[in-house]
Amino acid sequence: MTGAACVLCDRGRGLDAGDPGWLLRTDRWGVSMHPAMPVPGWVAVQTMRHTEGLAGLNRSEAAELGLLLSRVSEAVTRVTGSQRVYTYSLGEGCPHTHILLGPPSAGLRGTAFISALLGRDQTLANQATAERTAIELAGALSSQH
């Protein structure tokens, strides 16, 4: 697959008009609301160039990733009040390096929550709350530096 045929590369070139935009963007990484479902506090951390997994990262991308994930996790913890921030990266449905992270919710934890999220259980979704949370996350991320 090339970047020209990749939904996350398209996303990297410019988010949809209805999307609240990048919460944080560097030359190598972008952080935005979860692209598949508006789950409050859930974000996607994606490479800005087309890569298909962590093994495909260059040294600069790899060096930035750990600090970025820590920074985003801290912001999610602070904004949502959650004691846990889950992370996962599968790359099956969209072969572009991206890591999804956010808090458990809807009274679900662990594998029950992840199963609901992966199954796109709409009881987890709340567009208005997800957008408000994204705005708060963008503010928290910008105030960290």
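**Exercise 1. Find which residues Leu-68 touches beyond its neighbours within four places in sequence.**

Solution. Start with the yardstick: a contact is a pair of heavy atoms within 4.5 Å. Leaving aside neighbours within four places in sequence, Leu-68 is in contact with Leu-24, Trp-29, Val-31 and Val-45. A second, separate core of 11 residues includes Val-39, Ala-44, Ala-116 and Leu-124. A nonpolar core here is a set of buried Ala, Val, Leu, Ile, Met, Phe, Trp, Tyr and Cys residues joined through side-chain atoms within 4.5 Å. Buried stands for under 20% relative accessible area, exposed for over 50%, and partly exposed for anything in between (1.4 Å probe, protein chains only).

Before going on, please keep in mind that this is a predicted model, in which local features need pLDDT of at least 70, side-chain atom pairs count only at pLDDT 80 or more, and totals for chains, interfaces and linings use all residues. Residues are numbered from 1 along each chain as its sequence is written, and side-chain values use heavy atoms, with hydrogens and water left out.

**Exercise 2. Work out which members of the largest nonpolar core touch the most other members, and which elements give two or more residues to this core.**

Solution. The largest nonpolar core has 20 residues, and those touching the most other members are Leu-23, Val-31, Val-43, Leu-68 and Val-72. Strands S1 (22–25), S2 (29–33), S3 (43–47) and S5 (98–102) each give two or more residues to this core, as do helices H2 (59–80) and H4 (127–143). These elements are DSSP runs numbered from the N terminus (helices: H or I, at least four residues; strands: E, at least two).

**Exercise 3. Describe how helix H4 is placed, beginning with its buried residues.**

Solution. Step one: the buried residues of H4 are Ala-130, Thr-133, Ala-134, Leu-137, Ala-140 and Leu-141. Step two: seen down the axis of H4, they fall within an arc of 125°, so they line one face of the helix; the arc is that of the directions from the helix axis to the C-beta atoms. Remember that an α-helix has 3.6 residues a turn, so residues three or four places apart point the same way. Step three: the face of H4 turned away from the buried side carries the exposed Ile-135 and Ser-143. Step four: the cover over the buried residues of H4 includes S1, S2, S3 and H2. Finally, look at the N-terminal end of H4, which Asn-126 caps: a side-chain oxygen lies 3.3 Å from the backbone nitrogen of Ala-128.

**Exercise 4. Decide whether Ser-32 and His-34 are buried or exposed, and list what each touches.**

Solution. Take Ser-32, found in strand S2. Its relative accessible area is 0%, so Ser-32 is buried. Apart from neighbours within four places in sequence, Ser-32 is in contact with Arg-11, Gly-21, Trp-22, Leu-23, Val-43 and Ala-44. Now move to His-34, in the loop between S2 and S3. With a relative accessible area of 9%, His-34 is buried. Not counting residues up to four places away in sequence, His-34 touches Trp-42, Val-43, Ala-44, Tyr-88, Leu-100 and Leu-117. A polar atom of the His-34 side chain also lies 3.4 Å from the backbone nitrogen of Met-37.

**Exercise 5. State the order of the elements along the protein.**

Solution. The protein has 4 helices and 5 strands. From the N terminus on, they run α-β-β-β-α-β-β-α-α.

Definitions and conventions
A polar contact is a pair of N or O atoms within 3.5 Å; within protein, one must be able to donate a hydrogen and the other to accept it, and residues adjacent in sequence count only if both atoms are side-chain atoms.
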